[in-house]
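Please walk through the structure below slowly, keeping the sequence beside it so that each named part can be found in both.

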Amino acid sequence: MILVVDGLNRHLFSDVLDDMFQLRARVFGGRLGWDVNIEDGKEIDEFDHLDPAYVIGLDDGGNVVAAVRALQTTGPHMLSDVFSAILCGEAPLRSATMWESTRFCVDTQRLSRGKDKNSVSYATCELMVGSLEYARSAGIQDIITVIDPVMDRVLKRSNCAPYDYVGKTVPMGKVAALAALLDCTEERIAGVREFAGIEGDVFIDEDKALEMFEAKKAATLSPANRDHKPLTDLEKYFVEQMHAAKTESERQAVLDLIETLSEKFTPEQKTALLGTPRAFAHEA
Amino acid sequence: MEIVDLSTLPQKDTRYDEFLKQVCEKYEMDHAAYAGMNPAAGSIHGHVTYSDEWKAHYQEQGLHLIDPTLHMSQRSIAPVDWSRLERGKDFQRVFRDAHDFGIPDQGITIPVRGPYGDIGLLSATRECSREEWKKLVGSVITDLQSLAVHIHDHVMTSESISRMLYHPTLSSREQEILQWAAAGKSQQDIGDILSISHRTVEVHLRSAREKLNALTTPQAVGRAIGIGLIYPG
(Lines give C-alpha, C1' and ligand atoms only; values in the text may rest on other atoms or scores of the structure.)
Protein backbone atom coordinates (compact mmCIF):
# COMPACT_ATOMS: atom_id res chain seq x y z
CA MET A 1 0.00 0.00 0.00
CA ILE A 2 1.02 3.57 -0.64
CA LEU A 3 1.17 6.39 1.89
CA VAL A 4 1.70 10.00 0.82
CA VAL A 5 3.59 12.09 3.37
CA ASP A 6 4.06 15.83 2.83
CA GLY A 7 4.56 19.02 4.82
CA LEU A 8 1.02 18.85 6.17
CA ASN A 9 1.20 15.43 7.79
CA ARG A 10 4.91 14.70 8.24
CA HIS A 11 4.71 15.36 12.00
CA LEU A 12 2.40 12.32 12.23
CA PHE A 13 4.75 9.99 10.37
CA SER A 14 8.26 10.82 11.58
CA ASP A 15 9.03 7.12 12.20
CA VAL A 16 8.03 6.26 8.64
CA LEU A 17 10.23 9.04 7.30
CA ASP A 18 13.16 7.83 9.42
CA ASP A 19 12.71 4.34 7.97
CA MET A 20 12.68 5.85 4.50
CA PHE A 21 15.81 7.93 5.09
CA GLN A 22 17.56 4.77 6.30
CA LEU A 23 16.47 2.88 3.21
CA ARG A 24 17.79 5.73 1.07
CA ALA A 25 21.13 5.58 2.90
CA ARG A 26 21.42 1.85 2.12
CA VAL A 27 20.43 2.29 -1.52
CA PHE A 28 22.08 5.55 -2.59
CA GLY A 29 25.02 5.63 -0.20
CA GLY A 30 25.59 1.86 -0.23
CA ARG A 31 24.43 0.01 -3.31
CA LEU A 32 24.66 2.86 -5.83
CA GLY A 33 27.64 4.57 -4.20
CA TRP A 34 26.35 8.09 -4.88
CA ASP A 35 28.04 10.97 -3.11
CA VAL A 36 25.26 11.56 -0.61
CA ASN A 37 25.35 12.91 2.90
CA ILE A 38 24.57 10.25 5.52
CA GLU A 39 24.15 11.11 9.17
CA ASP A 40 22.93 8.76 11.85
CA GLY A 41 22.34 6.11 9.19
CA LYS A 42 19.94 8.41 7.36
CA GLU A 43 20.37 10.02 3.95
CA ILE A 44 18.89 13.52 4.05
CA ASP A 45 19.71 16.40 1.70
CA GLU A 46 18.69 20.05 1.42
CA PHE A 47 15.66 19.23 -0.73
CA ASP A 48 14.19 17.23 2.14
CA HIS A 49 13.95 20.53 4.00
CA LEU A 50 11.79 22.10 1.28
CA ASP A 51 8.63 20.20 2.19
CA PRO A 52 8.66 17.78 -0.75
CA ALA A 53 6.02 15.08 -1.06
CA TYR A 54 7.08 11.50 -0.39
CA VAL A 55 5.22 8.62 -1.96
CA ILE A 56 6.01 5.65 0.26
CA GLY A 57 5.37 1.97 -0.30
CA LEU A 58 4.58 -0.05 2.84
CA ASP A 59 4.30 -3.81 3.26
CA ASP A 60 1.47 -5.39 5.26
CA GLY A 61 3.54 -5.06 8.43
CA GLY A 62 3.87 -1.31 7.92
CA ASN A 63 7.55 -1.45 6.94
CA VAL A 64 8.87 0.98 4.34
CA VAL A 65 9.76 -1.09 1.25
CA ALA A 66 9.89 1.62 -1.43
CA ALA A 67 9.89 5.39 -1.66
CA VAL A 68 10.22 8.34 -4.01
CA ARG A 69 10.33 12.11 -3.52
CA ALA A 70 8.49 14.70 -5.61
CA LEU A 71 9.09 18.43 -6.04
CA GLN A 72 7.56 21.09 -8.27
CA THR A 73 9.67 22.13 -11.28
CA THR A 74 8.55 25.75 -10.88
CA GLY A 75 10.72 26.14 -7.79
CA PRO A 76 14.02 24.74 -6.50
CA HIS A 77 14.50 21.10 -7.47
CA MET A 78 17.41 18.76 -8.11
CA LEU A 79 17.76 19.15 -11.88
CA SER A 80 17.96 22.92 -11.56
CA ASP A 81 20.71 22.48 -9.01
CA VAL A 82 22.76 19.41 -8.12
CA PHE A 83 21.95 17.31 -11.19
CA SER A 84 22.79 20.07 -13.66
CA ALA A 85 25.54 17.87 -15.14
CA ILE A 86 22.82 15.67 -16.63
CA LEU A 87 21.46 18.68 -18.51
CA CYS A 88 24.92 19.63 -19.84
CA GLY A 89 24.50 23.13 -18.45
CA GLU A 90 21.15 23.64 -20.19
CA ALA A 91 18.23 25.27 -18.38
CA PRO A 92 15.85 22.70 -16.85
CA LEU A 93 12.24 22.32 -17.92
CA ARG A 94 9.88 24.45 -15.84
CA SER A 95 6.19 23.74 -15.89
CA ALA A 96 3.17 24.08 -13.62
CA THR A 97 2.08 20.62 -14.70
CA MET A 98 5.42 18.82 -14.42
CA TRP A 99 6.88 17.42 -11.22
CA GLU A 100 10.38 16.12 -10.67
CA SER A 101 10.79 12.77 -8.98
CA THR A 102 14.05 11.76 -7.32
CA ARG A 103 15.40 9.18 -4.85
CA PHE A 104 13.27 6.37 -6.25
CA CYS A 105 14.32 3.32 -4.26
CA VAL A 106 13.15 -0.14 -3.32
CA ASP A 107 14.28 -2.37 -0.46
CA THR A 108 15.85 -5.29 -2.30
CA GLN A 109 16.89 -6.92 0.98
CA ARG A 110 13.46 -7.12 2.55
CA LEU A 111 11.70 -8.03 -0.67
CA SER A 112 11.94 -11.25 -2.68
CA ARG A 113 12.47 -11.99 -6.35
CA GLY A 114 9.61 -13.07 -8.58
CA LYS A 115 6.35 -11.23 -9.04
CA ASP A 116 4.24 -11.94 -5.94
CA LYS A 117 3.08 -9.26 -3.51
CA ASN A 118 6.32 -9.21 -1.53
CA SER A 119 8.59 -8.97 -4.53
CA VAL A 120 10.82 -6.15 -5.69
CA SER A 121 8.88 -6.08 -8.94
CA TYR A 122 5.48 -5.66 -7.29
CA ALA A 123 6.71 -2.99 -4.85
CA THR A 124 8.33 -1.07 -7.70
CA CYS A 125 5.17 -1.16 -9.80
CA GLU A 126 2.95 -0.25 -6.88
CA LEU A 127 5.15 2.75 -6.13
CA MET A 128 5.01 3.81 -9.77
CA VAL A 129 1.22 3.50 -9.81
CA GLY A 130 1.03 5.45 -6.54
CA SER A 131 3.24 8.29 -7.72
CA LEU A 132 1.61 8.54 -11.15
CA GLU A 133 -1.89 8.56 -9.66
CA TYR A 134 -0.95 11.05 -6.96
CA ALA A 135 0.53 13.37 -9.59
CA ARG A 136 -2.43 12.90 -11.90
CA SER A 137 -4.94 13.79 -9.20
CA ALA A 138 -2.94 16.99 -8.62
CA GLY A 139 -3.41 17.94 -12.28
CA ILE A 140 0.17 17.01 -13.20
CA GLN A 141 0.69 15.82 -16.78
CA ASP A 142 4.34 14.75 -16.86
CA ILE A 143 7.05 13.64 -14.48
CA ILE A 144 10.75 14.11 -15.04
CA THR A 145 12.59 11.51 -13.05
CA VAL A 146 16.27 11.14 -12.23
CA ILE A 147 17.14 7.44 -12.20
CA ASP A 148 19.99 5.01 -12.79
CA PRO A 149 20.20 2.71 -15.84
CA VAL A 150 18.95 -0.27 -13.81
CA MET A 151 15.77 1.60 -12.89
CA ASP A 152 15.45 2.65 -16.52
CA ARG A 153 15.45 -1.03 -17.54
CA VAL A 154 12.95 -1.84 -14.80
CA LEU A 155 10.62 0.88 -16.13
CA LYS A 156 10.87 -0.51 -19.65
CA ARG A 157 10.21 -4.06 -18.48
CA SER A 158 7.22 -2.98 -16.38
CA ASN A 159 5.14 -1.50 -19.19
CA CYS A 160 6.27 1.96 -18.14
CA ALA A 161 9.00 2.89 -20.62
CA PRO A 162 9.92 6.62 -20.56
CA TYR A 163 8.67 8.39 -23.67
CA ASP A 164 11.91 10.33 -23.89
CA TYR A 165 15.01 11.49 -22.04
CA VAL A 166 16.48 14.92 -21.34
CA GLY A 167 20.20 15.69 -21.38
CA LYS A 168 22.63 12.80 -21.18
CA THR A 169 23.63 9.91 -18.96
CA VAL A 170 26.39 10.95 -16.58
CA PRO A 171 28.57 8.87 -14.26
CA MET A 172 27.49 9.02 -10.63
CA GLY A 173 29.06 6.82 -7.98
CA LYS A 174 29.17 3.14 -8.94
CA VAL A 175 26.50 3.62 -11.59
CA ALA A 176 25.19 6.44 -13.78
CA ALA A 177 22.27 8.82 -13.66
CA LEU A 178 19.88 10.05 -16.32
CA ALA A 179 16.67 12.08 -16.56
CA ALA A 180 13.64 10.36 -18.08
CA LEU A 181 10.20 11.69 -19.01
CA LEU A 182 7.01 9.90 -18.02
CA ASP A 183 3.47 11.04 -18.82
CA CYS A 184 0.79 10.65 -16.15
CA THR A 185 -1.83 9.31 -18.53
CA GLU A 186 -4.43 6.71 -17.66
CA GLU A 187 -2.92 4.44 -20.33
CA ARG A 188 0.46 4.39 -18.62
CA ILE A 189 -1.07 3.73 -15.21
CA ALA A 190 -3.28 0.97 -16.62
CA GLY A 191 -0.23 -0.57 -18.28
CA VAL A 192 1.75 -0.85 -15.05
CA ARG A 193 -1.28 -2.08 -13.13
CA GLU A 194 -1.83 -4.80 -15.69
CA PHE A 195 1.81 -5.83 -15.74
CA ALA A 196 1.97 -6.27 -11.96
CA GLY A 197 -1.62 -7.38 -11.40
CA ILE A 198 -2.43 -4.40 -9.19
CA GLU A 199 -6.15 -3.88 -8.69
CA GLY A 200 -8.16 -1.37 -6.68
CA ASP A 201 -7.04 1.59 -4.60
CA VAL A 202 -3.34 1.44 -3.75
CA PHE A 203 -3.47 4.29 -1.23
CA ILE A 204 -3.86 4.00 2.53
CA ASP A 205 -5.34 7.15 4.04
CA GLU A 206 -3.83 9.06 6.93
CA ASP A 207 -6.22 7.75 9.61
CA LYS A 208 -5.90 4.12 8.57
CA ALA A 209 -2.13 4.41 8.44
CA LEU A 210 -2.02 5.92 11.94
CA GLU A 211 -4.23 3.10 13.21
CA MET A 212 -1.91 0.55 11.65
CA PHE A 213 1.23 2.06 13.20
CA GLU A 214 -0.48 2.37 16.57
CA ALA A 215 -1.43 -1.31 16.47
CA LYS A 216 2.10 -2.21 15.41
CA LYS A 217 3.50 -0.30 18.38
CA ALA A 218 1.04 -2.00 20.73
CA ALA A 219 2.10 -5.39 19.45
CA THR A 220 5.76 -4.74 20.20
CA LEU A 221 5.08 -3.22 23.64
CA SER A 222 2.53 -5.65 25.05
CA PRO A 223 2.18 -7.48 27.26
CA ALA A 224 4.14 -6.81 30.43
CA ASN A 225 6.81 -9.40 29.79
CA ARG A 226 9.33 -7.79 27.54
CA ASP A 227 11.99 -10.00 29.16
CA HIS A 228 9.94 -13.03 28.05
CA LYS A 229 9.46 -14.31 31.59
CA PRO A 230 6.07 -15.89 32.15
CA LEU A 231 3.49 -13.38 33.39
CA THR A 232 2.65 -13.49 37.08
CA ASP A 233 -0.98 -14.06 37.94
CA LEU A 234 -1.29 -10.45 39.02
CA GLU A 235 0.15 -9.22 35.71
CA LYS A 236 -2.20 -11.49 33.79
CA TYR A 237 -5.08 -10.14 35.82
CA PHE A 238 -4.25 -6.54 34.87
CA VAL A 239 -3.84 -7.33 31.21
CA GLU A 240 -7.23 -9.07 31.23
CA GLN A 241 -8.83 -6.20 33.14
CA MET A 242 -7.47 -3.75 30.66
CA HIS A 243 -8.83 -5.83 27.81
CA ALA A 244 -12.21 -5.90 29.48
CA ALA A 245 -12.29 -2.16 30.22
CA LYS A 246 -14.91 -0.59 28.00
CA THR A 247 -15.06 2.98 29.21
CA GLU A 248 -12.50 5.58 30.06
CA SER A 249 -13.45 5.42 33.77
CA GLU A 250 -13.00 1.64 33.86
CA ARG A 251 -9.63 2.05 32.20
CA GLN A 252 -8.65 4.68 34.75
CA ALA A 253 -9.73 2.37 37.58
CA VAL A 254 -7.33 -0.32 36.36
CA LEU A 255 -4.51 2.22 36.11
CA ASP A 256 -5.22 3.38 39.65
CA LEU A 257 -5.14 -0.20 40.92
CA ILE A 258 -1.77 -0.81 39.24
CA GLU A 259 -0.50 2.33 40.94
CA THR A 260 -1.84 1.22 44.33
CA LEU A 261 -0.25 -2.20 44.11
CA SER A 262 2.97 -0.91 42.60
CA GLU A 263 5.16 -2.26 45.42
CA LYS A 264 4.27 -5.79 44.20
CA PHE A 265 6.22 -5.22 40.97
CA THR A 266 9.76 -4.45 39.92
CA PRO A 267 10.09 -0.98 38.37
CA GLU A 268 10.46 -2.62 34.93
CA GLN A 269 7.29 -4.62 35.38
CA LYS A 270 5.41 -1.53 36.46
CA THR A 271 6.56 0.51 33.48
CA ALA A 272 5.62 -2.30 31.14
CA LEU A 273 2.23 -2.72 32.77
CA LEU A 274 1.51 0.98 32.59
CA GLY A 275 2.62 0.85 28.99
CA THR A 276 0.25 -2.00 28.29
CA PRO A 277 -2.89 0.00 29.02
CA ARG A 278 -1.59 2.74 26.75
CA ALA A 279 -1.09 0.22 24.03
CA PHE A 280 -4.58 -1.13 24.58
CA ALA A 281 -6.15 2.25 25.10
CA HIS A 282 -6.43 2.52 21.37
CA GLU A 283 -8.70 -0.50 21.22
CA ALA A 284 -10.70 0.46 24.31
CA MET B 1 -14.08 33.60 -23.72
CA GLU B 2 -11.32 31.32 -24.89
CA ILE B 3 -8.54 31.55 -22.35
CA VAL B 4 -8.12 33.49 -19.18
CA ASP B 5 -5.03 35.54 -19.88
CA LEU B 6 -3.60 38.34 -17.80
CA SER B 7 -1.73 39.98 -20.65
CA THR B 8 -5.02 40.69 -22.47
CA LEU B 9 -6.30 42.68 -19.51
CA PRO B 10 -5.58 46.41 -19.16
CA GLN B 11 -2.53 47.28 -17.08
CA LYS B 12 -4.42 48.44 -14.04
CA ASP B 13 -4.46 47.52 -10.38
CA THR B 14 -7.80 45.84 -10.86
CA ARG B 15 -6.64 43.44 -13.55
CA TYR B 16 -5.81 40.68 -11.07
CA ASP B 17 -9.31 40.94 -9.60
CA GLU B 18 -10.68 40.82 -13.13
CA PHE B 19 -8.53 37.77 -13.87
CA LEU B 20 -9.87 35.99 -10.79
CA LYS B 21 -13.44 36.82 -11.81
CA GLN B 22 -12.79 35.25 -15.20
CA VAL B 23 -11.33 32.18 -13.54
CA CYS B 24 -14.56 31.83 -11.54
CA GLU B 25 -16.70 32.19 -14.62
CA LYS B 26 -14.77 29.77 -16.74
CA TYR B 27 -14.29 27.10 -14.08
CA GLU B 28 -17.68 27.40 -12.36
CA MET B 29 -16.33 28.61 -9.03
CA ASP B 30 -18.10 30.90 -6.55
CA HIS B 31 -14.94 32.72 -5.52
CA ALA B 32 -11.23 32.80 -6.27
CA ALA B 33 -8.32 34.33 -4.38
CA TYR B 34 -4.61 34.77 -4.91
CA ALA B 35 -2.00 35.41 -2.25
CA GLY B 36 1.67 35.87 -3.08
CA MET B 37 4.74 36.27 -0.91
CA ASN B 38 8.00 37.58 -2.30
CA PRO B 39 10.90 37.46 0.14
CA ALA B 40 13.25 39.09 -2.40
CA ALA B 41 11.14 42.25 -2.41
CA GLY B 42 9.77 41.73 1.08
CA SER B 43 6.24 42.10 -0.23
CA ILE B 44 2.90 40.37 0.13
CA HIS B 45 0.18 40.48 -2.52
CA GLY B 46 -3.50 39.65 -2.19
CA HIS B 47 -6.31 39.64 -4.71
CA VAL B 48 -9.77 38.21 -4.11
CA THR B 49 -13.27 38.14 -5.52
CA TYR B 50 -14.79 38.18 -2.03
CA SER B 51 -17.06 41.01 -0.91
CA ASP B 52 -15.58 44.16 0.61
CA GLU B 53 -17.35 43.32 3.88
CA TRP B 54 -15.56 39.99 4.17
CA LYS B 55 -12.24 41.56 3.20
CA ALA B 56 -12.65 44.16 5.94
CA HIS B 57 -13.72 41.60 8.53
CA TYR B 58 -10.86 39.25 7.56
CA GLN B 59 -8.33 42.03 8.11
CA GLU B 60 -9.89 43.46 11.25
CA GLN B 61 -9.96 40.06 12.89
CA GLY B 62 -6.43 39.28 11.73
CA LEU B 63 -7.64 36.05 10.15
CA HIS B 64 -4.78 36.13 7.65
CA LEU B 65 -2.49 35.34 10.58
CA ILE B 66 -4.15 32.00 11.25
CA ASP B 67 -5.84 31.11 7.94
CA PRO B 68 -4.67 27.53 7.30
CA THR B 69 -5.52 27.73 3.59
CA LEU B 70 -2.53 30.09 3.45
CA HIS B 71 -0.20 28.71 6.10
CA MET B 72 -0.71 25.00 5.61
CA SER B 73 -1.23 24.82 1.86
CA GLN B 74 2.19 26.23 1.07
CA ARG B 75 3.75 23.17 2.71
CA SER B 76 2.20 20.87 0.11
CA ILE B 77 3.36 20.46 -3.48
CA ALA B 78 -0.08 19.25 -4.57
CA PRO B 79 -3.31 21.26 -4.51
CA VAL B 80 -4.78 21.09 -1.01
CA ASP B 81 -8.48 20.30 -0.77
CA TRP B 82 -9.77 22.15 2.26
CA SER B 83 -11.25 18.93 3.61
CA ARG B 84 -7.67 18.15 4.60
CA LEU B 85 -7.60 21.22 6.84
CA GLU B 86 -11.12 21.24 8.27
CA ARG B 87 -10.31 19.43 11.50
CA GLY B 88 -7.98 22.21 12.63
CA LYS B 89 -9.08 24.77 15.20
CA ASP B 90 -7.91 27.68 13.03
CA PHE B 91 -9.86 26.41 10.04
CA GLN B 92 -13.03 26.28 12.08
CA ARG B 93 -12.38 29.76 13.46
CA VAL B 94 -11.89 31.29 10.00
CA PHE B 95 -14.74 29.46 8.29
CA ARG B 96 -17.28 29.97 11.07
CA ASP B 97 -16.90 33.68 10.30
CA ALA B 98 -16.71 33.08 6.56
CA HIS B 99 -20.03 31.25 6.71
CA ASP B 100 -21.72 34.42 8.00
CA PHE B 101 -20.47 36.20 4.89
CA GLY B 102 -21.79 33.51 2.58
CA ILE B 103 -18.41 31.94 1.85
CA PRO B 104 -18.41 28.15 1.67
CA ASP B 105 -15.81 25.99 3.41
CA GLN B 106 -15.50 23.76 0.36
CA GLY B 107 -12.49 24.79 -1.64
CA ILE B 108 -9.03 24.06 -2.91
CA THR B 109 -5.72 25.91 -2.73
CA ILE B 110 -3.02 25.45 -5.33
CA PRO B 111 0.45 26.20 -4.01
CA VAL B 112 3.09 27.59 -6.37
CA ARG B 113 6.76 27.61 -5.49
CA GLY B 114 8.88 30.03 -7.42
CA PRO B 115 12.64 29.92 -7.96
CA TYR B 116 13.58 32.53 -5.34
CA GLY B 117 11.66 31.36 -2.31
CA ASP B 118 8.56 33.14 -3.60
CA ILE B 119 5.25 31.45 -2.93
CA GLY B 120 1.88 31.87 -4.57
CA LEU B 121 -1.47 30.43 -3.52
CA LEU B 122 -4.47 30.33 -5.83
CA SER B 123 -7.68 29.31 -4.07
CA ALA B 124 -11.11 28.56 -5.45
CA THR B 125 -14.33 27.78 -3.61
CA ARG B 126 -17.75 26.54 -4.50
CA GLU B 127 -20.90 25.59 -2.64
CA CYS B 128 -22.19 22.31 -4.03
CA SER B 129 -22.44 18.64 -3.15
CA ARG B 130 -19.26 16.76 -2.33
CA GLU B 131 -19.60 14.54 -5.42
CA GLU B 132 -20.14 17.49 -7.71
CA TRP B 133 -17.11 19.24 -6.21
CA LYS B 134 -14.84 16.25 -6.68
CA LYS B 135 -15.93 15.89 -10.28
CA LEU B 136 -15.42 19.59 -10.96
CA VAL B 137 -11.96 19.65 -9.38
CA GLY B 138 -10.91 16.57 -11.32
CA SER B 139 -11.84 18.19 -14.61
CA VAL B 140 -10.30 21.65 -14.02
CA ILE B 141 -7.28 20.96 -11.85
CA THR B 142 -4.69 20.87 -14.66
CA ASP B 143 -5.92 24.24 -15.97
CA LEU B 144 -5.95 25.72 -12.49
CA GLN B 145 -2.36 24.58 -11.93
CA SER B 146 -1.28 26.47 -15.06
CA LEU B 147 -3.28 29.55 -14.12
CA ALA B 148 -1.86 29.55 -10.60
CA VAL B 149 1.66 29.76 -12.02
CA HIS B 150 0.48 32.29 -14.62
CA ILE B 151 -0.87 34.77 -12.07
CA HIS B 152 2.00 34.13 -9.67
CA ASP B 153 4.69 34.79 -12.27
CA HIS B 154 2.81 37.90 -13.41
CA VAL B 155 2.53 39.31 -9.92
CA MET B 156 6.16 38.52 -9.11
CA THR B 157 7.52 40.11 -12.28
CA SER B 158 5.42 43.22 -11.64
CA GLU B 159 8.13 44.08 -9.11
CA SER B 160 11.36 45.31 -10.58
CA ILE B 161 13.63 43.25 -8.33
CA SER B 162 11.95 40.02 -9.38
CA ARG B 163 11.77 41.07 -13.02
CA MET B 164 15.54 41.13 -13.02
CA LEU B 165 15.77 37.73 -11.37
CA TYR B 166 13.03 36.12 -13.43
CA HIS B 167 14.91 36.42 -16.70
CA PRO B 168 13.69 33.54 -18.86
CA THR B 169 16.38 30.99 -19.68
CA LEU B 170 15.37 28.58 -22.39
CA SER B 171 17.28 25.40 -23.10
CA SER B 172 18.60 24.98 -26.64
CA ARG B 173 15.91 22.34 -27.23
CA GLU B 174 13.19 24.79 -26.20
CA GLN B 175 14.68 27.51 -28.40
CA GLU B 176 14.97 25.13 -31.34
CA ILE B 177 11.34 24.05 -31.02
CA LEU B 178 10.13 27.65 -30.66
CA GLN B 179 12.18 28.58 -33.73
CA TRP B 180 10.40 25.90 -35.75
CA ALA B 181 7.06 27.07 -34.34
CA ALA B 182 7.97 30.60 -35.49
CA ALA B 183 8.55 29.13 -38.95
CA GLY B 184 4.94 27.97 -38.90
CA LYS B 185 5.54 24.27 -38.25
CA SER B 186 2.96 22.25 -36.34
CA GLN B 187 3.91 20.18 -33.31
CA GLN B 188 3.66 17.06 -35.44
CA ASP B 189 6.00 18.56 -38.06
CA ILE B 190 8.49 19.64 -35.42
CA GLY B 191 8.51 16.15 -33.95
CA ASP B 192 9.24 14.69 -37.39
CA ILE B 193 11.94 17.27 -38.17
CA LEU B 194 13.77 16.72 -34.88
CA SER B 195 13.03 12.98 -34.68
CA ILE B 196 11.45 13.29 -31.26
CA SER B 197 8.03 12.27 -30.02
CA HIS B 198 5.01 14.53 -30.23
CA ARG B 199 4.84 14.48 -26.43
CA THR B 200 8.45 15.66 -26.12
CA VAL B 201 7.68 18.62 -28.38
CA GLU B 202 4.60 19.35 -26.29
CA VAL B 203 6.46 19.21 -22.99
CA HIS B 204 9.24 21.54 -24.17
CA LEU B 205 6.74 23.96 -25.69
CA ARG B 206 4.76 24.05 -22.48
CA SER B 207 7.90 24.76 -20.49
CA ALA B 208 8.99 27.47 -22.96
CA ARG B 209 5.54 29.10 -22.81
CA GLU B 210 5.56 29.20 -19.05
CA LYS B 211 9.09 30.56 -18.85
CA LEU B 212 8.00 33.35 -21.19
CA ASN B 213 4.81 33.79 -19.15
CA ALA B 214 2.70 33.07 -22.21
CA LEU B 215 -0.41 30.92 -22.36
CA THR B 216 -0.30 30.25 -26.10
CA THR B 217 2.52 29.26 -28.44
CA PRO B 218 2.07 32.31 -30.74
CA GLN B 219 2.42 34.57 -27.68
CA ALA B 220 5.56 32.70 -26.64
CA VAL B 221 6.99 33.02 -30.15
CA GLY B 222 6.27 36.75 -30.13
CA ARG B 223 7.93 37.29 -26.79
CA ALA B 224 10.93 35.13 -27.67
CA ILE B 225 11.47 37.20 -30.81
CA GLY B 226 10.94 40.38 -28.80
CA ILE B 227 13.76 39.59 -26.40
CA GLY B 228 16.01 38.17 -29.11
CA LEU B 229 15.92 34.50 -28.10
CA ILE B 230 14.86 33.37 -31.59
CA TYR B 231 14.73 34.92 -35.08
CA PRO B 232 11.53 36.03 -36.76
CA GLY B 233 10.26 33.11 -38.89
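The paragraphs that follow begin with the model itself and chain A, move on to chain B, and finish with the place where the two chains touch.

What you are looking at is a predicted model, and so a sensible place to begin is the confidence that the predictor attaches to chain A. The average pLDDT of chain A is 89, and 93% of its residues score at least 70. One stretch to read with care is residues 279-284 of chain A, where the pLDDT is below 50, although this stretch has 13 contacts in the model beyond near neighbours in sequence.

The domain assignment splits chain A into domain 1, which covers residues 2-205, and domain 2, which covers residues 222-281. If you take the C-alpha centres of domain 1 and domain 2 of chain A, you will find them 44 Å apart.

Chain A also contains an open sheet of 7 strands, and if you trace across the sheet you meet them in the order β1-β4-β5-β6-β7-β9-β8 (chain A), with mixed pairing. At the edges of this sheet stand β1 (2-5) and β8 (164-172) of chain A, each of which pairs on one side only. From one strand to the next, the twist of the sheet averages 20°. To see one pairing in detail, turn to β7 (residues 142-147) and β9 (residues 175-183) of chain A, which run antiparallel and are joined by 6 bridges. Within chain A, residue A:I147 stands opposite A:L178, which belongs to β9(A).

Chain B is likewise divided by the assignment, with domain 1 spanning residues 6-163 and domain 2 spanning residues 169-226. The centres of domain 1 and domain 2 of chain B, taken over C-alpha atoms, are separated by 30 Å.

Chain B has an open sheet too, made of 5 strands in the order β2-β1-β5-β4-β3 (chain B), and here the pairing is antiparallel. The edge strands, each pairing on one side only, are β2 (43-48) and β3 (80-81) of chain B. Starting from the β2(B) edge, β1(B) and β2(B) run antiparallel and are joined by 6 bridges, with B:M37 standing opposite B:I44 of β2(B). These two strands, β1(B) and β2(B), form a hairpin with 4 residues between them, and in the turn B:G42 has a positive phi of about 65°. At the other edge, β3(B) pairs with β4(B) in the antiparallel sense over 2 bridges, and B:V80 stands opposite B:T109 in β4(B).

The helices of chain B can now be placed around this sheet. Helix α1(B) lies across β1 (31-38), β2 and β5 (119-125) of chain B, and runs at about 135° to β1(B). The axis of α1 (residues 15-27) of chain B also comes within 12 Å of the axis of α5 (residues 130-157) of chain B, and the two cross at roughly 175°. Because of that angle, α1(B) is roughly antiparallel to α5(B). On the α1(B) side the contact is made by B:Y16, B:F19, B:V23 and B:Y27, while on the α5(B) side it is made by B:V140, B:D143, B:L144, B:L147, B:I151 and B:V155. Sorted by class, this contact of α1(B) with α5(B) has 9 nonpolar, no polar and 1 charged residues.

A second pair of helices in chain B meets in another way. Helix α7 (residues 172-182) and helix α10 (residues 217-226) of chain B pack at an angle of about 105°, with their axes 10 Å apart. Helices α7(B) and α10(B) are therefore roughly perpendicular to each other. The residues that make this contact are B:L178, B:A181 and B:A182 of α7(B), together with B:T217, B:A220, B:V221, B:A224 and B:I225 of α10(B). They divide into 7 nonpolar, 1 polar and no charged residues.

Finally, look at where the chains meet: 32 residues of chain B are in contact with 28 residues of chain A. On the side of chain B that touches chain A, the elements giving two or more residues are β4 (107-113), α5 and α9 (198-211) of chain B, and α9(B) provides the largest share, 8 residues. By class, this side of chain B has 13 nonpolar, 12 polar and 7 charged residues. Helix α9(B) lies across β6 (98-106), β7, β8 and β9 of chain A, running at about 90° to β9(A).

Note on methods
Residues are numbered from 1 along each chain as its sequence is written. Chains are lettered from A and ligands numbered from 1 in the order in which they are written. This is a predicted model: local features need pLDDT of at least 70, side-chain atom pairs count only at pLDDT 80 or more; totals for chains, interfaces and linings use all residues. Axes are lines fitted to C-alpha atoms, for helices over the stretch in contact, and angles run from 0 to 180 degrees between N-to-C directions. Angles under 35 degrees count as roughly parallel, over 145 as roughly antiparallel, 65 to 115 as roughly perpendicular and the rest as oblique. Two residues are in contact if their C-beta atoms, placed from the backbone, lie within 7 Å. Ala, Val, Leu, Ile, Met, Phe, Trp, Tyr, Cys and Pro count as nonpolar, Asp, Glu, Lys and Arg as charged, and the others, Gly among them, as polar. Two strands pair if DSSP finds at least two bridges between them. Domain bounds come from an automatic or database domain assignment. pLDDT is the predictor's confidence in each residue, from 0 to 100.
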